[in-house]
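The following exercises concern the reading of a protein model. Each task is followed by a solution in steps.

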Amino acid sequence: MVMCTPHAKVPVVRACTLQAGPWKGSMPTNPTHLQRQGWLKLQLPVRCLTLSNSMGTPAAKSKPAANAEAARAEFCRAGIPDEVARKVLKWYQPYLRWDIQTKLRPALQLWVEQLGSQQLSARLQKAPLLLCHTPKECSGVYLWLASIGADVERIQQKVPRVMARPLDQVQSTLWAIQQALQLRDDQLPAFLKRHSYCLLYVPEHVSRTLHTVAELLAVPVTSQDMQGVVMLCDERLFMTKHDLLSKLVSFFCEEFGGGQHAAKAALKCGIYGVSAETMKTRAAELRAMLGWTKDELKQVVNAHPKILTKKPSTVASNMQKLQAHSFSSAQAVHVYASSPSIAGYDWSSSANREKLMYLRHVLQLSQAEISSRPVLLSTSLAQKIGPRSEFIYAYQGISPDTTLAVSGLLSYIISFSDVRFAARFNNLSASPPLVYDDQFKRHWQQRWTFLVCEMGLSHADICACRPLLQTSLLNTLAPRWHFLILLETAETDFKAADHLIALATLSDEHFAQAFSSASMGLVYDQNFMHCARGNLCRFW
């Protein structure tokens with residue numbers, strides 16, 4: 001795919017500082033307005049650097065380095081691995097002409113002091129021209145992005161070249177986008193989280209890209225529909241040339257069914273990262289592999305264009321991995337045909353294996369029940385399946401022997417939003433109130449991590465002792481397990497895992513009576529519980 005290259009010519013690099021302005025509330029983002037009102041002060045250039053279209057040479061002539069070996073040795077001396085040094089010097093050869101003593105070494109030392117050798121090595125691989133700028137020159141962009149609420153650390157790690165761009169150019173680009181889409185200041189952080197690469201380009205390029213998207217959707221650039229689609233588009237949106245973007249999305253709509261819905265889906269999934277010929281080939285292979293008719297193929301691809309961003313060999317491999325979890329070939333095909341987005345899931349990963357084990361052992365769902373509801377496989381265990389199922393079991397009086405599929409409550413787990421789920425199941429009149437919220441989900445996630453990672457229990461173990469899933473981590477589970485482990489250490493015949501039912505169901509008084517051992521100096525009391533809670537901080 002042909003990607004758009006950020007402008008290669010940077011006429012002047014200025015050192016920038018930010019100054020507190022007179023406003024209260026959110027900071028305006030128009031660079032002209034910022035400069036006029038005193039937010040931004042441009043100082044005299046600390047260093048001027050002119051780059052040619054071929055990534056150029058510094059305007060100020062430097063005494064050439066003795067040879068490439070000397071330059072590479074200087075990088076290694078600064079703690080940069082030799083392999084990285086070779087790549088950087090190959091990508092930006094003007095470093096070979098820098099004088100070692102007066103230019104290359106001071107530049108490396110300055111950045112090593114700022115970032116450390118390891119982080120500098122990672123940054124240079126993404127932004128080889130980094131040494132052409134000082135940390136001070138890059139700090140203006142960093143501070144300004146932080147001031148508008150952007151996740152600067154994420155942007156710096158993902159697109160480090162942004163930090164080396166002149167601040168006024170970064171501001172102009174973002175200002176052009178904000179004006180075109182009519183974004184509020186408080187929407188900019190979310191936009192940059194999705195589209196941080198846009199900051200590498202000039203305002204003319206990003207504006208042309210936005211107008212191309214509007215033409216494909218047949219809506220005004222300033223419309224809410226346009227804003228909603230762009231906020232969800234693939235991150236490669238601004239990296240793609242606008243004419244190629246238009247060509248590939250138009251081809252997709254013509255080949256697999258047109259309409260605004262298809263254009264929206266194609267833009268969101270990043271279909272413009274796949275050539276027209278590749279789309280055709282993958283569609284034909286998928287049709288042969290899954291046994292679809294031409295109309296079925298169009299229907300599925302139109303609804304889930306992301307399936308064409310995966311190689312058919314990847315889909316086939318993931319189907320085989322799913323079958324390795326005891327799904328039949330017919331069940332695997334049904335899963336992928338019903339929910340093509342699952343085609344990219346790697347079922348050999350620990351997270352997906354964990355989800356399957358939870359569905360089978362804890363929720364006691366059969367392979368047929370799982371495959372008949374493919375959305376279960378694309379639903380988050382930590383955010384939905386785990387906490388919601390436990391909330392229903394704990395607070396709706398359902399017997400552990402009754403599966404959610406039999407009770408008819410399974411659909412609430414996979415189809416309801418958090419707001420609708422809470423409205424359906426919260427019981428505020430109970431004592432204490434039974435509330436499904438972020439705190440409940442966080443507690444479930446911490447407790448589940450403790451059961452699996454700290455206690456080393458299998459899903460079958462947890463299923464055999466379901467009260468564990470309704471036990472307070474801080475007040476009961478963690479301190480009692482810690483006490484049982486101490487007993488196991490002191491007594492060779494004692495096994496902590498043999499007493500899970502007692503751990504989860506006994507009162508504090510009865511647990512202390514059953515397990516305290518004065519002769520060994522182990523007494524389960526308030527002092528012990530207080531100390532155990534303090535040790536739990538590493539799990540939060």
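Two residues are in contact when heavy atoms of theirs lie within 4.5 Å. The model examined here is predicted.

**Exercise 1. Determine which residues lysine 355 touches, leaving aside those up to four places away in sequence, and describe its charge environment.**

Step 1. Locate the residue: lysine 355 belongs to helix H18, which covers residues 350–362.

Step 2. List the contacts. Beyond four places in sequence, lysine 355 touches Leu376, Leu377, Ser378, Thr379, Leu381 and Ile385.

Step 3. Look for a partner of opposite charge. Lysine 355 is buried and has no salt bridge. The nearest side chain of opposite charge is that of glutamate 354, 11 Å away. A salt bridge would require a distance within 4 Å between the side-chain nitrogen and a carboxyl oxygen.

Step 4. Look for a polar partner instead. The lysine 355 side chain reaches the backbone oxygen of threonine 379 at 3.0 Å.

**Exercise 2. Characterise the salt bridge between glutamate 74 and arginine 77, and state whether each partner is buried or exposed.**

Step 1. Give the geometry: the N to O distance between the two side chains is 3.9 Å. The cut-off is 4 Å, so the pair qualifies.

Step 2. Place the partners. Helix H2 (residues 68–77) holds both glutamate 74 and arginine 77, which are three residues apart, about one turn of the helix.

Step 3. Compare the accessibilities. Glutamate 74 has a relative accessible area of 7% and is therefore buried, whereas arginine 77, at 58%, counts as exposed.

**Exercise 3. Analyse the salt bridges that arginine 388 forms with aspartate 418 and arginine 480 with aspartate 508.**

Step 1. Take the bridge of arginine 388 and aspartate 418, whose closest N and O atoms are 2.7 Å apart. This pair links distant parts of the chain: arginine 388 lies in helix H20 (residues 381–395) and aspartate 418 in helix H23 (residues 418–425), 30 residues apart.

Step 2. Assign the accessibilities. Arginine 388 is buried, at a relative accessible area of 0%; aspartate 418 is partly exposed, at 31%.

Step 3. Turn to arginine 480 and aspartate 508, where the closest N and O atoms are 2.7 Å apart. Arginine 480 is in helix H26 (residues 473–490) and aspartate 508 in helix H28 (residues 508–515), so this salt bridge ties together parts that are 28 residues apart in sequence.

Step 4. Assign the accessibilities again. Arginine 480 is buried with a relative accessible area of 2%, and aspartate 508 is partly exposed with 33%.

Step 5. Consider shared partners: Glu69, Arg72, Asp82 and Arg86 are joined into one network by salt bridges that share partners. In the whole structure, the search finds 15 salt bridges.

**Exercise 4. Identify which residues touch the most other members of the largest nonpolar core, and follow one of them to leucine 104.**

Step 1. Name the residues. The largest nonpolar core has 159 residues, of which Phe75, Leu145 and Leu267 touch the most other members. Helix H12 (residues 242–256) gives the most to this core, namely eight residues.

Step 2. Examine phenylalanine 75. Beyond four places in sequence, its contacts include Ile80, Val88, Tyr95, Leu104 and Leu131.

Step 3. Examine leucine 104, which lies in helix H4 (residues 100–115). Leucine 104 is buried because its relative accessibility is 0%. Among the residues leucine 104 touches are Ala71, Glu74, Phe75 and Trp98.

Step 4. Relate sequence to space: leucine 104 and phenylalanine 75 are 29 residues apart in sequence, and their C-alpha atoms are 8.7 Å apart.

**Exercise 5. Summarise the chain as a whole and state how many residues reach a pLDDT of 70 or more, as a percentage.**

Step 1. Count the elements: the chain has 29 helices and two strands.

Step 2. Describe burial and contacts. Of the 540 residues in the chain, 46% are buried. Among contacts between residues at least 6 apart in sequence, 70% join residues at least 24 apart.

Step 3. Assess confidence. The mean pLDDT is 80, and 83% of the residues reach 70 or more. Residues 7–65 have a pLDDT below 50, and this stretch has 128 contacts in the model beyond near neighbours in sequence.

Step 4. Draw the consequence. Where pLDDT is low, predicted coordinates should not be read in detail.

Conventions
Residues numbered from 1 in each chain as written. Heavy atoms only, no water. Helix = DSSP H or I, 4+ residues; strand = E, 2+ residues; numbered from the N terminus. Buried < 20%, exposed > 50% of the residue type's maximum accessible area, 1.4 Å probe, protein only. Lys, Arg positive; Asp, Glu negative; His and termini not counted. Polar contact = N/O pair within 3.5 Å; in protein donor to acceptor, adjacent residues only side chain to side chain. Core = buried A, V, L, I, M, F, W, Y, C linked by side-chain atoms within 4.5 Å. pLDDT = per-residue confidence, 0-100.
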